[in-house]
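Please open the structure in a viewer and keep the selection panel at hand. The tour moves from one selection to the next.

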Amino acid sequence: MSPAHYVFLAVILFVIGAVGVLVRRNAILVFMSVELMLNACNLAFVAFARMHGNLDGQVVAFFVMVVAAAEVVVGLAILMAIYRARKSASVDDANLLKY
Amino acid sequence: MTTLAATGVFRYSWLLLAFPVFGAGVLLLGGRRTNKWGHLLGVLMSLASLVYGFIAFFTLLGQSGAGRSQDLHMYSWIPVAGFQANIGLLIDPLSISFVLLITGVGSLILIYAVAYMAHDPERRRFFAYLNLFIASMLLLVLSDNYLGLYVGWEGVGLASYLLIGFWQFKPTAAVAAKKAFIANRVGDAGLSLAIMLMFAEFGTFNFTGVFDQAKSGGSGVATALGLLLLLGACGKSAQVPLQSWLLDAMEGPTPVSALIHAATMVTAGVYLIVRSNPIFNDAPTAQLAVTVVGAVTLLFGAIIGCAKDDIKKALAGSTMSQIGYMTLAAGLGPAGYVFAIAHLLAHGFFKAGLFLGAGSVLHGMDDEVNMRRYGGLRKLLPITFVTFGLGYLAIIGIPPFSGFFTKDSIIDAAWEKGGTSGWILAACAIIGAGITAFYMSRVMLMTYFGPKRWEENGVIGGAGANPPFTEAERHIPHPHESPLLMTVPMILLAVGSVGAGWFLIVNYRFADFLAPVVGLPPDQHGIWTWPGIIALILVVFGVGIAWAMYGRVPVLATAPRGSVLTRAARADLYGDAFNESVLMRPGQWLTRLSVYFDSRGVDGLVNGLAATIGGTSGRVRRLQNGFVRSYALSMLIGAVLLLAGLLVVRL
């Protein structure tokens, strides 16, 4: 399998994640879609690192994982707080911060 | 003319200024505590200056040659490298003549005012202002440089403003004060420009420095200086075209009208021209302008004086006219300077006397100023009648009263100027003499002769009353002679009206006295000259016409409509209308246009821009709708566009 297949897979995963973020209302699912996009990026990084023959992309993939883990911690905590207050996890209900 | 440093008595010339300044300071700062004796202090300070003036005068007579001109350096006001502005006093024949006029007539009028203003609660303030005026006027005539003169010039302007508006509870008085101040500012701008020009051209303000260099400075500079000084003189001396303020200035108390707006301040313009004689001698164009202004004003004032029913305004028209004579004489060069000053001094006596007489009539008639409500007062106010009558004979120029000598000298000097301009000027002066006789006879006849019109018509009056009387409060007055404090100054001024002209003119006394400052008149002539006799014949005609119109037939209680000329003269020959339509209205339009342009143009641009940005952002704001998913979509679109852009650039 050539590395290009990995890149195509990454693109497919990214599009699935992006569509998920845009169409799902449940915050948990949005989160999961975001993770999917991040991991699609990771896959692309690793694939490109392999194609170019250096380790830079793999290093970045580790960073992305760390940041994603930290982001999930903060994001889920906020989600919990919102759910307790509103009894709802829909991102469309939390729309008070606007014009 | 050379000037010596002051010696002897002259080293104390600053006392002349110090007395009235002290008086004004104590009265203004002391406030109500000085109410009881304030007027006495005011009179005393003026008298002290008069005494010192006499001492200086007689000491000056004892000197000869250069000793007749003594300069007292007081202190350096603004010493900056090459620029030296000093305060110094110059005692010479010209300034000492003015000192005696100002302190002499001033003291008499202050004494008069003690009684005239006795019932005014603000008498102390009145005397403070008068002392301020005397101090400023003395600085004006005594200063040895133009900058000091300018300080005095502004000081008398301030005093004049304060005193015209002394009864400021009357809107008319407050407006008149403002009008006088503003009209004077126009003239003052001319004087200040002249001083700036002097500094730019000569680098000095001192009379000696300026006059020395004016001779070598070329006629262009001299002409410019002369015209600017003339503008200054026009403002202060109420000459055409800046004449409009003087008639309204009669809103002030009568002693003010007598001292400031007849005898002294309004003649400051003549002093300025005569003092600057070396400049004018080099500038024939400026001299011609001076004579034209004088001739126009003397007819202008005389015509206005003919139509006014307000006794003080009739006299104010006369003042304007007489100063026109002085200005005319001052424009004639060395031939006229001395007669300008001689007429000025004589006028100081008889016009102050006439105004004090008018004040005495006002005092008896409960402040009624309308002459159509007077009549038959000669028996009731005998002293006023006699002193006013002597002033009357002096102003119309009946020999041997003072106006005859001084005014005829001016007419002769104009006559001898020769050429077309000399003929026209002399003709104006002679016709003016005839009109003077007419309007002064009119005042005399309406006031002192005929039936007692006040008995049937009553008076309104109340010049200083607060609140003012109204038409409904018309009452019958009880005319009575004024107290001694008022009649004695009138008598003394009447003596001056009778004798001053003869004393000054006969034997060339005054001409020889002033010669070191202004030069000798080239021609000396006798008392009886053809122009003088023609003027005298016209004077008799003028008196006759006045008698035919106001003596032989009864004076109507209300003014008839009158001819076109009468109506024009009543409206001050449309001087106010002219100022209003030519200067004021266009000015208002200009400001309105500027305001419109500012609010619609400048502000409109700025406000419009702000409103556009505000409105746009108000609409763009709607994009921020709070839905996370739409934000995500816009981010995605943005990222895709960015990527597409990069790819397009790359390919």
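Begin where chain B meets chain A: in this predicted model, one salt bridge is counted between the two chains. To find it, select A:Asp92 and B:Arg629, whose closest N and O atoms lie 2.6 Å apart. Side chains of opposite charge can pair when their charged atoms come close.

Next, widen the selection to the whole contact, to which chain B contributes eleven residues and chain A 13 residues. About 1100 Å² is buried between chain B and chain A, and carbon and sulfur atoms give 62% of that area.

Return to A:Asp92 and add A:Arg25, with which A:Asp92 also forms a salt bridge; here the closest N and O atoms are 3.2 Å apart. This pair joins distant parts of the chain, 67 residues apart. A:Arg25 sits in the loop between α1 (3-23) and α2 (27-52) of chain A, whereas A:Asp92 belongs to the segment after α3 (56-86) of chain A. Over all chains, the count comes to 15 salt bridges.

Now move to chain B and select helix α17 (residues 402-417) together with helix α18 (residues 419-448). How do these two helices of chain B pack? Their axes are 6 Å apart, at an angle of about 155 degrees; angles over 145 count as roughly antiparallel, and α17(B) and α18(B) are therefore roughly antiparallel to each other. The crossing of α17(B) past α18(B) is left-handed.

Finally, show the side chains at this contact, including B:Ile411 and B:Trp415 of α17(B) and B:Trp423 and B:Leu425 of α18(B). The residues of the contact comprise nine nonpolar, four polar and two charged.

Methods. Residues are numbered from 1 along each chain as its sequence is written. Chains are lettered from A and ligands numbered from 1 in the order in which they are written. This is a predicted model: local features need pLDDT of at least 70, side-chain atom pairs count only at pLDDT 80 or more; totals for chains, interfaces and linings use all residues. Side-chain values use heavy atoms; hydrogens and water are left out. Axes are lines fitted to C-alpha atoms, for helices over the stretch in contact, and angles run from 0 to 180 degrees between N-to-C directions. Helices (H or I, at least four residues) and strands (E, at least two) are DSSP runs, numbered from the N terminus. Angles under 35 degrees count as roughly parallel, over 145 as roughly antiparallel, 65 to 115 as roughly perpendicular and the rest as oblique. A crossing is left-handed if the near helix is turned anticlockwise from the far one by less than a right angle, and right-handed if clockwise. Contact means heavy atoms within 4.5 Å. Ala, Val, Leu, Ile, Met, Phe, Trp, Tyr, Cys and Pro count as nonpolar, Asp, Glu, Lys and Arg as charged, and the others, Gly among them, as polar. Buried area is the accessible area (1.4 Å probe) that two parts lose on being put together, summed over both. A salt bridge is a side-chain nitrogen of Lys or Arg within 4 Å of a carboxyl oxygen of Asp or Glu.
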